[in-house]
Amino acid sequence: MKLTDEQRRILDGARGPFLAKCIRWLVEWGDAMGARRLVPVANTHALVTVPGNLVYGAGEKPLQAAMELLRSACREKVCCLSTAHITFAHQDQYDEIEMPPEQVAAQQEVMQLASEAGFLMTYTCAPYLVGNVPLKGEICAWTESSAVVYANSILGARTTRHGTESAIAAALTGWVPEFGVLLDENRRATLQVDVAAKLSSPTDWGALGYFTGQVAGLEVPVFAAAPRPSQEDAKQLCAALASGGGVTMCHIAGVTPEAPALEDALAAESPARRVTFADQQLRHTYRSLRTHSGEEIDTVILGCPHASLEEIAQIAGYLQGKHIADGVTLWVCTAYSTRAAAQRMGYAATIERAGGYLFCDTCPTNSMRVKAKRIVTPGFKQAHYARGMIGAEVIVDHQEGCLNAALTGRWTDGR
Ligand code: F3S
């Protein structure tokens with residue numbers, strides 16, 4: 001990879017050992033991916049917390065190594081807009097999930113350091129809902145695969161899928177290796193998905209994404225004949241594309257900023273592959289994430305990716321004057337700032353009166369503090385990961401179906 005004089009000087013240690021390490025990470029990653037240079041980055045979304053798997057069961061050494069990385073990183077300052085991905089829980093919710101003291105201490109130290117380094121304390125998997133909304137063509141370095149797909153496909157920004165080290169390195173140095181969807185030629189769609197099924201809820205869009213992710217793998221799909229999605233539809237689509245497969249971006253003809261028409265997404269070439277998503281595929285995709293062996297449920301998880309204020313308003317409207325069933329926990333996951341707005345609007349009080357819980361800065365699966373046997377959720381991504389990370393049975397249904405299950409303690413297929 002060809003470096004500028006400034007990049008070379010930093011690599012040689014002119015700005016200290018940690019930034020030299022950051023440039024080395026970026027160069028080694030770029031070399032492996034065939035990048036020819038490092039380009040300026042304007043916007044990052046980074047995981048500046050200690051991962052749960054290091055706190056629970058991995059032992060003292062990996063936890064100390066992660067803390068050392070974050071302490072070193074946070075002695076520097078970010079050099080572009082940088083928001084923070086999720087953490088474990090907001091500090092006023094530690095008791096709810098019985099966070100162990102060593103995790104509380106580690107989290108509080110890292111939060112303080114990250115804020116001093118200039119990371120904005122958004123703590124969300126949906127930064128585009130809380131003020132990090134990059135413009136078309138803006139070079140970004142985002143962690144959180146669902147947000148990466150959203151940034152590329154809905155906002156027209158450009159980001160590859162980042163990990164903890166690379167996003168922190170980008171935030172502190174201001175550069176990223178140029179490869180993948182940062183380049184025009186890699187944004188062209190190669191898989192055409194003809195949407196014949198009727199999509200009547202955000203979760204139906206999630207089914208489209210989950211199906212397509214499995215077919216596409218790492219390809220760039222384009223959706224032809226799809227209706228215009230709402231923000232919630234797009235959120236579910238992008239999250240499911242990234243969990244069903246390894247998709248980094250998609251096009252929705254007429255919606256994606258660089259694809260006003262199908263031909264633009266395909267760059268006037270024929271797609272290498274073409275598949276149809278009809279009612280049969282829709283039904284099959286739902287069935288693939290309904291692993292339950294009975295009707296009784298104990299957990300409902302809404303807000304994956306984090307709920308918007310509009311979604312919380314809908315949930316509050318549905319729960320007004322009702323109460324969830326004994327033995328059921330209802331989690332509504334959202335960003336702290338969205339929860340603050342929901343509190344001001346009275347939605348939070350309505351949900352809490354009904355027995356639900358607005359959980360912010362994280363989600364139950366990632367906080368790894370949930371004991372659930374059977375989960376109902378409208379998020380294909382939540383169901384996909386909850387199976388492995390919590391080991392629970394899962395049922396995907398649209399939001400109304402999930403809320404009905406929360407109220408009755410049982411899930412039956414309403415459709
Ligand atoms: Fe966010 Fe948790 Fe889903 S981090 S994307 S709510 S699995």
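**Reading a predicted chain**

User: In this predicted model, what percentage of contacts between residues at least 6 apart in sequence join residues at least 24 apart?
Analyst: Take the contacts in the chain between residues at least 6 apart in sequence. Then keep those that join residues at least 24 apart. Their share is 77%.

User: What radius of gyration does the chain have, set against a compact globule?
Analyst: The chain has 415 residues, so a compact globule would have a radius of gyration near 22 Å. The chain's own value agrees with that: 21 Å.

User: What share of the residues is buried?
Analyst: Buried here means under 20% relative accessible area. Of the 415 residues in the chain, the buried share is 59%.

User: Which helix gives the most to the largest nonpolar core?
Analyst: The largest nonpolar core has 95 residues, and Leu208, Phe223, Ile252 and Phe277 touch the most other members. The top contributor to this core supplies 7 residues and spans residues 145–155. That is helix 6.

User: Which residue touches Ile154, Trp205, Phe223, Ala226, Pro229, Leu237 and Ala259?
Analyst: Residues up to four places away in sequence are not counted here. The residue that touches these seven is Ile252.

User: Which element supplies the largest share of the shell around the ligand?
Analyst: The ligand's surroundings include Gly303, Cys304 and Pro305. Two elements each supply at least two shell residues: helix 16 (380–389) and strand 10 (299–307). The largest share, 3 residues, comes from strand 10.

User: How many residues of that shell are charged?
Analyst: The shell has 5 nonpolar and 3 polar residues. The charged ones number 2.

Technical notes
Residues numbered from 1 in each chain as written. Predicted model: local features only at pLDDT ≥ 70, side-chain atom pairs only at ≥ 80, totals over all residues. Heavy atoms only, no water. Near = heavy atom within 4 Å. Helix = DSSP H or I, 4+ residues; strand = E, 2+ residues; numbered from the N terminus. Nonpolar A, V, L, I, M, F, W, Y, C, P; charged D, E, K, R; others polar. Core = buried A, V, L, I, M, F, W, Y, C linked by side-chain atoms within 4.5 Å. Buried < 20%, exposed > 50% of the residue type's maximum accessible area, 1.4 Å probe, protein only. Contact = heavy atoms within 4.5 Å. Rg over C-alpha atoms; globule rule 2.2 N^0.38 Å.
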